[in-house]
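This report describes selected side-chain features of one protein chain. It takes up packing, charged pairs and cysteines in turn.

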Amino acid sequence: MVDAGEYCRELEAHLCRKNDGHLIRIAGPAFETVCGWAEQGIPLKVAFQGIDRYFERYYAKGPRRRPVRIEFCEADVLDAFDQWRRAVRVAAAGASGEQASRQPSLPAHLQRVLQKLTTARGTSGDTAVTAAIDAAIDRVEAVRSASASRGGAAREAAIETLAAIDRDLIAQVREAADAATLAAMAAEAEQELSGFAARMTREAHAEAMTAATGRLLRARAGLPRIAYRD
């Protein structure tokens, strides 16, 4: 069970850092909002990601800024949580699982994936991972070329191929990781899933752990999600 007070304090500290040291207390309605996040099982790091997303847009508006309140970040936190639970295949408490997601067009998705893969390749310090990224870039480029001139069945085939590229790349990144990294990822994934583990079957938990560690390895390597669908 998550300690709501500790959860709140962690978020308050993160918000303070993002606000350049300006402390905005999480109290009253804001506390109720944050307690709701804890009850839903939103992992702290996922909530941090949502807050960071809000600040990225806020910073982009210019240097004159007022301290941000936690309530302003709720939409981004819930969006980050939705993406996380779809990635690790767990259902949120009370969620229908039918929440609509904003998805870009396939061409836009492919463009973004190639940009992110190119960036990740430039920062990768691991020979095996770099080679895997190179191979993924070639395969995604081939999908883009093939899907640009065809529709219907070719589009579906392209989407299936993207899912396969995604699986292959994460498997290669996992294989390249050392034992200490994998152990750290497993511990972090276990912590993220702690709010859901009690209502999961052993098989579902194992599947969620694989997905969660894959997500963490992806983030560590700066890789995009290549698959177009969940």
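Apart from neighbours within four places in sequence, Leu-117 is in contact with Ile-133, Ala-136, Ile-137, Val-140, Leu-169, Leu-223, Pro-224 and Ile-226. The model in which these contacts occur is a predicted one. Leu-117 is among the residues with the most contacts inside the largest nonpolar core, together with Leu-11, Val-140, Leu-162, Leu-169 and Ile-226. That core has 62 residues. In soluble globular proteins, nonpolar side chains tend to be buried together.

A charged residue also contacts part of this set. Asp-166 lies in helix H7, which spans residues 153–176. With a relative accessibility of 7%, Asp-166 counts as buried, because the cut-off for buried is under 20%. Neighbours within four places in sequence aside, the contacts of Asp-166 are Arg-218, Pro-224, Arg-225, Ile-226 and Ala-227. Ile-226 and Pro-224 also appear among the contacts of Leu-117.

**Salt bridges**

The structure holds 15 salt bridges. Three of them are set out below.

| Acidic residue | Basic residue | N to O distance |
|---|---|---|
| Asp-82 | Arg-86 | 3.2 Å |
| Asp-134 | Arg-121 | 2.3 Å |
| Glu-192 | Arg-215 | 3.5 Å |

The Asp-82 and Arg-86 pair lies within one helix, H4 (residues 74–88), where the two residues are 4 residues apart, about one turn of the helix. Asp-82 is buried at 3% relative accessibility, whereas Arg-86 is partly exposed at 26%.

The Asp-134 and Arg-121 side chains meet in a salt bridge of 2.3 Å, N to O. This pair links distant parts of the chain, with Asp-134 in helix H6 (residues 127–148) and Arg-121 in helix H5 (residues 106–123), 13 residues apart. Asp-134 counts as partly exposed, with a relative accessibility of 27%. Arg-121 is partly exposed as well, at 36%.

For Glu-192 and Arg-215, the salt bridge has an N to O distance of 3.5 Å. Here too the pair links distant parts of the chain: Glu-192 belongs to helix H8 (residues 179–192) and Arg-215 to helix H9 (residues 202–221), 23 residues apart. Both Glu-192 and Arg-215 are buried. Salt bridges with shared partners also join Asp-82, Arg-85 and Arg-86 into one network.

The relative accessible area of Glu-192 is 6%. A polar contact of 3.5 Å also joins the side chains of Glu-192 and Arg-215. Leaving aside neighbours within four places in sequence, Glu-192 is in contact with Pro-43, Trp-84, Ala-212, Arg-215 and Leu-216.

**Cysteines**

A disulfide is a covalent bond between the sulfur atoms of two cysteines. Why is Cys-8 too far from the closest cysteine sulfur for a bond? The closest cysteine sulfur, in Cys-35, is 6.5 Å from that of Cys-8, whereas a disulfide requires the two sulfur atoms to be within 2.5 Å, so the pair does not qualify. Cys-35 is accordingly in no disulfide, and its nearest cysteine sulfur is that of Cys-8. The count of disulfides comes to 0. Cys-8 is buried, with a relative accessible area of 5%, and Cys-35 counts as buried at 13%.

Definitions and conventions: Residues are numbered from 1 along each chain as its sequence is written. This is a predicted model: local features need pLDDT of at least 70, side-chain atom pairs count only at pLDDT 80 or more; totals for chains, interfaces and linings use all residues. Side-chain values use heavy atoms; hydrogens and water are left out. Buried means under 20% relative accessible area, exposed over 50%, partly exposed in between (1.4 Å probe, protein chains only). Contact means heavy atoms within 4.5 Å. A nonpolar core is a set of buried Ala, Val, Leu, Ile, Met, Phe, Trp, Tyr and Cys residues joined through side-chain atoms within 4.5 Å. A salt bridge is a side-chain nitrogen of Lys or Arg within 4 Å of a carboxyl oxygen of Asp or Glu. A polar contact is a pair of N or O atoms within 3.5 Å; within protein, one must be able to donate a hydrogen and the other to accept it, and residues adjacent in sequence count only if both atoms are side-chain atoms.
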